[in-house]
Amino acid sequence: IQHKIARAKKKSESSAANGSSPLADQGQSSKSISELSKAGGDESHFADYSFTKGQKYILIDAGGGTVDIAFHEILGDFGVKECHHPSGGPWGSCYIDDQFIKLLLELFK
C-alpha cells in the first residue's frame with residue numbers, strides 16, 4: 001500500500017506543478033493526498049488499473065454486519081457478467097466482536 005500512496009503523492013505533485021489538481025476534479029480540493037491516505041480514503045491508485053474483456057474478478061464487501069461476495073467477468077467497456085450467484089452472510093466485524101466478548105466472559109467467569 002505504501003508504494004501506491006507514494007505513487008499517488010507523486011502524481012499529485014506532478015499535477016500541482018502543471019497547475020491542475022486531480023482532487024479538484026473529484027470535488028475534494030480542500031483535502032490533500034496525505035490527508036486522504038491517512039483517513040483511508042485515498043483510492044487514486046485504482047485510476048491506473050483497467051480491466052480488459054475476459055478478465056474475471058471477485059468483489060468482496062466486508063462490512064460491520066455482513067460480508068457479501070460476487071464473482072464477475074468483464075464483457076466489454078460497460079458490461080459485466082455474473083459468473084456465480086452472489087452470496088454472503090452475517091459474518092461482519094460486529095459478529096467477530098460479539099464472539100470475542102463471549103470468549104472473554106467465559107474465560108474470566
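In the predicted model, lysine 81 is partly exposed, with a relative accessibility of 40%. Lysine 81 takes part in a salt bridge with glutamate 73, in which the closest N and O atoms lie 3.5 Å apart. Glutamate 73 belongs to strand 2. In contrast to its partly exposed partner, glutamate 73 has a relative accessible area of 16% and is therefore buried, the limit for that class being under 20%. The salt bridge thus joins a buried carboxylate residue to a lysine that is partly exposed. Glutamate 73 also stands opposite lysine 56 in the pairing of the strands. Between glutamate 73 and histidine 84, the C-alpha to C-alpha distance is 9.8 Å, at a separation of 11 residues in sequence.

The structure holds two salt bridges. Besides the contact of glutamate 73 with lysine 81, a salt bridge is formed by the side chains of lysine 109 and glutamate 106, with an N to O distance of 3.5 Å. Lysine 109 has a relative accessibility of 77% and counts as exposed. Glutamate 106, at 51%, is likewise classed as exposed, since the class begins over 50%. Both residues of this salt bridge are thus exposed, whereas the salt bridge of strand 2 includes glutamate 73, a buried residue. In general, side chains of opposite charge can pair when their charged atoms come close.

The secondary structure of the chain consists of four helices and three strands. Along the sequence, these elements follow the pattern α-α-α-β-β-β-α. Of the 109 residues in the chain, 16% are buried.

The strands form an open sheet with the order 1-2-3 and antiparallel pairing. Strand 1 and strand 3 occupy the edges and have a single partner strand each, so one side of each lacks a neighbour in the sheet. From one strand to the next, the twist averages 15°. Strands of a sheet pair through backbone hydrogen bonds, in either a parallel or an antiparallel sense.

Strand 1 spans residues 56-62 and strand 2 spans residues 67-74; the antiparallel pairing between them comprises seven bridges. One of the opposed pairs consists of lysine 56 and glutamate 73 of strand 2. Alanine 62 has valine 67, in strand 2, as its bridge partner. The connection from strand 1 to strand 2 is a hairpin of four residues.

Strand 2 also pairs with strand 3, which covers residues 80-89, again in the antiparallel sense and over seven bridges. Valine 67, the bridge partner of alanine 62, stands opposite glycine 89 in strand 3. Isoleucine 74 has valine 80 of strand 3 as its bridge partner. Five residues make up the hairpin that leads from strand 2 to strand 3.

One aromatic pair is counted in the model. The ring centres of phenylalanine 51 and tyrosine 57 are 5.1 Å apart and the ring planes meet at 40°, so the pair is tilted. This assignment follows because planes under 30 degrees apart count as stacked and planes over 60 degrees apart as edge-to-face. Phenylalanine 51 is partly exposed, at 42% relative accessibility. Tyrosine 57 is also partly exposed, at 21%, because the buried class is confined to values under 20%.

A nonpolar patch on the surface is formed by Phe100, Leu103, Leu104, Leu107 and Phe108. Together, these residues have about 540 Å² of accessible area. Leucine 104 lies in helix 4, which spans residues 93-107. With a relative accessible area of 30%, leucine 104 is partly exposed.

Methods:
Residues are numbered from 1 along each chain as its sequence is written. This is a predicted model: local features need pLDDT of at least 70, side-chain atom pairs count only at pLDDT 80 or more; totals for chains, interfaces and linings use all residues. Side-chain values use heavy atoms; hydrogens and water are left out. Two strands pair if DSSP finds at least two bridges between them. Helices (H or I, at least four residues) and strands (E, at least two) are DSSP runs, numbered from the N terminus. Axes are lines fitted to C-alpha atoms, for helices over the stretch in contact, and angles run from 0 to 180 degrees between N-to-C directions. Rings of Phe, Tyr and Trp (its six-membered ring) pair if their centres lie within 6.5 Å; planes under 30 degrees apart count as stacked, over 60 as edge-to-face and the rest as tilted. Buried means under 20% relative accessible area, exposed over 50%, partly exposed in between (1.4 Å probe, protein chains only). Patches are made of residues with over 30% relative accessible area and no salt bridge: like charges are joined within 9 Å, nonpolar side chains (Val, Leu, Ile, Met, Phe, Trp, Tyr) within 5 Å. Accessible areas come from the Shrake-Rupley method with a 1.4 Å probe; for residues, only the protein chains shown count as cover. A salt bridge is a side-chain nitrogen of Lys or Arg within 4 Å of a carboxyl oxygen of Asp or Glu.
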